[in-house]
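Please read the following points with the structure open beside you. They take up one sheet and then two residues in loops.

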Amino acid sequence: MDNLKRQVGIEAAKFVKNGMVVGLGTGSTAAYFVAELGRRVAAENLRITAVTTSSVTSAQARKLNIPLKDIDEVEAIDLTVDGADEIDQTLNGIKGGGAALLMEKIVATYSKDYIWIVDESKMVAHLGAFPLPVEVVPFGCGQLFRLFEKSGFKPTFRLDDKGALWLTDSGNHIIDLHMNEISAPEKLARLLDDTVGVVEHGLFNDMVKTVIIASETEGVKIVTK
Ligand SMILES: O=C(CO)[C@H](O)[C@H](O)COP(=O)(O)O
């Protein structure tokens, strides 16, 4: 698995050229992309500026001497590369397994080009086997949890290793929805967008045009929409 993740990370880094502002995703697959960019910055004098999608990725980029800027300091983001938890046939996806969905969606929204990198296990017929992360404001999140229960969304609060409610980089909590199958991702996204207390959700519908997939049998392939 790590080898497949490394392959797509290295492949995606080939899209990065001198002078670009690059969005750095979060997660174990995106980390291989960041590592390859760090290698190119050191070995090839690649000149880029990066914006990141989490404190974890910022820390990795700093260690690798990748120049960072705040998202509001850059004119535009040329390309963002990120991982995903599930991707369906239409290239809708679920993200947020690493709890970075809010910053990931903001950086993706302001990127001219956006690529996901995954191993083949992430490609699915229908979204929903992976619990859908929803970032929620702490105030009233117990009420929101009960609303999700009543709606049949089978919510669970995400906890940290001490058993406390997970705190995101933006100071919010995460509720994971165990829906098993999401038959209408657009409809669910609209409902969550309209729900008070929801900051953001992990449905990334119609956002990505390019996915780089690695499999044991077929190697690396690039799927476009
Ligand atoms: O959305 C994410 C973090 O919020 C990640 O991109 C997603 O969880 C995939 O992670 P990994 O590459 O470790 O499987």
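1. Asn-45 lies in the loop that links helix 2 (28–44) and strand 2 (49–52), and, since this is a predicted model, its backbone angles are computed ones. The phi angle of Asn-45 is near 55°, which is a positive value in a residue other than glycine. Asn-45 has 8 other C-beta atoms within 10 Å and is therefore exposed, the cut-off for that class being 12 or fewer.

2. A second positive phi, again in a residue other than glycine, is that of Asn-180, with a value near 70°. Asn-180 sits in the loop between strand 9 (173–177) and helix 6 (185–193), and because 11 C-beta neighbours are found inside 10 Å, Asn-180 counts as exposed.

3. Strand 9 also belongs to an open sheet of 4 strands, which are arranged in the order 8-9-7-10 with antiparallel pairing. Strand 8 (155–157) and strand 10 (198–201) each have a single partner strand and stand at the edges, so one side of each is left without a neighbour in the sheet. On average, and with direction ignored, neighbouring strands of this sheet are turned by 30° against each other.

4. Within the sheet, strand 7 (residues 132–136) pairs with strand 10 in the antiparallel sense over 3 bridges, and Glu-135 has Glu-200, in strand 10, as its bridge partner. Helix 4 (residues 101–109) packs on the sheet, where it touches strand 7 and strand 10, and the direction of helix 4 makes about 70° with that of strand 10.

Technical notes: Residues numbered from 1 in each chain as written. Predicted model: local features only at pLDDT ≥ 70, side-chain atom pairs only at ≥ 80, totals over all residues. Pairing = 2+ DSSP bridges. Helix = DSSP H or I, 4+ residues; strand = E, 2+ residues; numbered from the N terminus. Axes fitted to C-alpha atoms, helices over the stretch in contact; angles between N-to-C directions. Contact = placed C-beta atoms within 7 Å. Buried ≥ 20, exposed ≤ 12 C-beta atoms within 10 Å, placed from the backbone.
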